[in-house]
Amino acid sequence: VIYDGAEGASMAVANEIRDIIKERQKSGKNAVLGLATGSTPVRLYRELIRMHRDEGLSFANVITFNLDEYYGLSGDHPESYRRFMQDQLFDHVDIPEANTHVPDGLVAREEVFASCSAYEEAINAAGGIDIQILGIGRTGHIGFNEPGSGPDSRTRLVTLDSLTRRDAARDFLGEQNVPRHAITMGVGTILDAKKVFLLAWGEAKAEVIAQAVEETPTDIIPASFLQSHANCVFNVDRSAASQL
Ligand code: GLP
């Protein structure tokens with residue numbers, strides 16, 4: 001769906017999230033959200049905070065699972081995705097802390113496999129992800145599923161692409177400070193979500209959006225595997241759609 005701007009595209013997703021939260025509230029059930037970081041979903045989170053503040057939308061029955069975390073960063077590190085989520089959403093709504101899940105960036109090497117399996121199990125125990133939010137990296141990554149990530153990949157430790165590390169250099173005040181590894185949900189984990197929204201704005205995303213939507217699905221562009229999902233929508237602005 002092509003929107004005039006990021007605002008409208010973000011509002012549309014916020015409305016869907018509000019609807020499922022309210023629907024589940026009526027029956028005393030939880031809504032399970034898969035969340036993304038990066039600059040792209042910030043407007044969406046701002047809108048959800050506004051709904052909480054102005055419309056009394058409660059997040060007490062919301063369970064969240066974030067896509068990824070930098071390996072080696074603690075949740076207190078200013079560039080960790082846990083910190084980002086606290087600042088951009090969790091600290092501003094009434095979500096119980098125990099309901100929020102972000103992969104543990106400090107888990108010891110020998111415990112990574114068990115920790116990733118436990119993350120997958122927690123998603124399943126919550127009933128699976130109802131709505132998954134995604135951004136997209138210029139390598140075609142979703143979460144941190146870099147080129148080479150297959151459609152059956154699950155939550156695991158990955159090595160970051162050099163383009164991804166270059167794109168993150170500004171946040172870390174230099175490429176040399178950007179972590180080399182991350183823990184990410186797999187493409188298969190993402191494809192298990194009941195509904196997926198990928199958001200993208202701006203000219204810099206135009207090429208990768210066209211590849212993800214129009215190329216034959218390939219692990220060179222992991223986002224292209226979303227084509228096989230039965231309920232996936234790309235909400236983009238005019239610039240990000242300009243090469244379609
Ligand atoms: C990081 C995140 C991705 C995100 C991407 C794009 O690599 N791991 O989840 O989609 O950045 O970031 P931005 O939204 O700032 O363009």
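The conversation below walks through a predicted model of one protein.

Visitor: How many helices and strands are there in the protein?
Guide: The protein has seven helices and 10 strands. Please keep in mind that this is a predicted model.

Visitor: What radius of gyration does the protein have, and what would a compact globule have?
Guide: The radius of gyration is 17 Å, and a compact globule of 244 residues would have one near 18 Å, so the two agree. Along the principal axes, the C-alpha atoms fill a box of roughly 45 × 45 × 35 Å.

Visitor: And what share of the residues is buried?
Guide: Of the 244 residues, 41% are buried. As for contacts with a separation of 6 or more, 78% of them are between residues 24 or more positions apart.

Visitor: Which domain does UniProt list?
Guide: The unreviewed UniProt entry lists "domain: Glucosamine/galactosamine-6-phosphate isomerase" for residues 9-229. Over residues 9-229 the chain is 34% helix and 15% strand, and the C-alpha atoms at the two ends are 20 Å apart.

Visitor: Turning to the sheet, what is the order of the strands?
Guide: Seven strands form an open sheet in the order β1-β10-β9-β6-β2-β3-β5, with parallel pairing. Its edge strands are β1 (2-3) and β5 (100-101), each of which pairs on one side only.

Visitor: Is β2 enclosed or open, and why?
Guide: Strand β2 (residues 31-35) is largely enclosed by the rest of the structure, because five of its five residues are buried.

Visitor: Which residues cover each face of β2?
Guide: A31, L33 and L35 are on one side, V32 and G34 are on the other, and all are buried. The general rule is that side chains in a regular strand alternate between the two faces of the sheet.

Visitor: What does β2 pair with?
Guide: β2 pairs with strand β3 (residues 62-66) in the parallel sense over five bridges, and A31 has V62 as its bridge partner in β3. β2 also runs parallel to β6, joined by two bridges, with L33 opposite I131 of β6.

Visitor: Which helix makes a unit with β2 and β3?
Guide: Helix α2 (residues 42-55) does: together with β2 and β3 it makes a right-handed β-α-β unit.

Visitor: And how does β3 pair with β5?
Guide: The pairing of β3 and β5 is parallel, over two bridges. T64 has T100 as its bridge partner in β5.

Visitor: A change of topic: which residues does the "active site" annotation cover?
Guide: In the unreviewed UniProt entry, the "active site" annotation covers D68, H141 and E146. These residues span 79 residues in sequence, yet no two of their C-alpha atoms are more than 12.2 Å apart, so they gather at one spot.

Visitor: Where is D68 found, and is it buried or exposed?
Guide: D68 is in strand β4 (residues 68-70). D68 counts as buried because it has 22 C-beta neighbours inside 10 Å, where 20 or more are needed.

Visitor: What is D68 in contact with?
Guide: Leaving aside neighbours within four places in sequence, D68 is in contact with Y81, P103, G143, F144, A182, I183, T184 and M185.

Visitor: A182, I183 and T184 look like strand residues. What joins β4 to β8?
Guide: Three bridges join β4 to strand β8 (residues 181-184), and the two run antiparallel. E69 stands opposite I183 in β8. β8 also pairs with β7 in the antiparallel sense, over four bridges, and there A182 is the bridge partner of V158.

Visitor: What about E146?
Guide: E146 lies in the loop between β6 (131-134) and β7 (156-159). E146 has 22 C-beta neighbours inside 10 Å and therefore counts as buried. Apart from neighbours within four places in sequence, E146 is in contact with T139, H141, V158, L160, D161 and T164. Among these, H141 is also covered by the "active site" annotation.

Visitor: Finally, which residues of the largest nonpolar core touch the most other members?
Guide: That core has 63 residues, and those touching the most other members are I133, L134, I136, F197, L198, L199 and A200. Helix α1 (residues 6-26) contributes the largest share, six residues.

Visitor: What is F197 in contact with?
Guide: Beyond neighbours within four places in sequence, F197 is in contact with V13, I131, I133, L134, V233 and N235.

Definitions and conventions: Residues are numbered from 1 along each chain as its sequence is written. This is a predicted model: local features need pLDDT of at least 70, side-chain atom pairs count only at pLDDT 80 or more; totals for chains, interfaces and linings use all residues. A nonpolar core is a set of buried Ala, Val, Leu, Ile, Met, Phe, Trp, Tyr and Cys residues joined through C-beta atoms within 7 Å. A residue is buried if 20 or more other C-beta atoms lie within 10 Å of its own, exposed if 12 or fewer, and partly exposed in between; C-beta atoms are placed from the backbone. Two residues are in contact if their C-beta atoms, placed from the backbone, lie within 7 Å. UniProt positions are given in the numbering used here, feature names are shortened, and annotations may be inferred rather than shown by experiment. Two strands pair if DSSP finds at least two bridges between them. A crossover is right-handed if, with the strands pointing away from the viewer, the path from the first strand over the helix to the second runs clockwise. The radius of gyration is taken over C-alpha atoms; the globule rule is 2.2 Å times the number of residues to the power 0.38.
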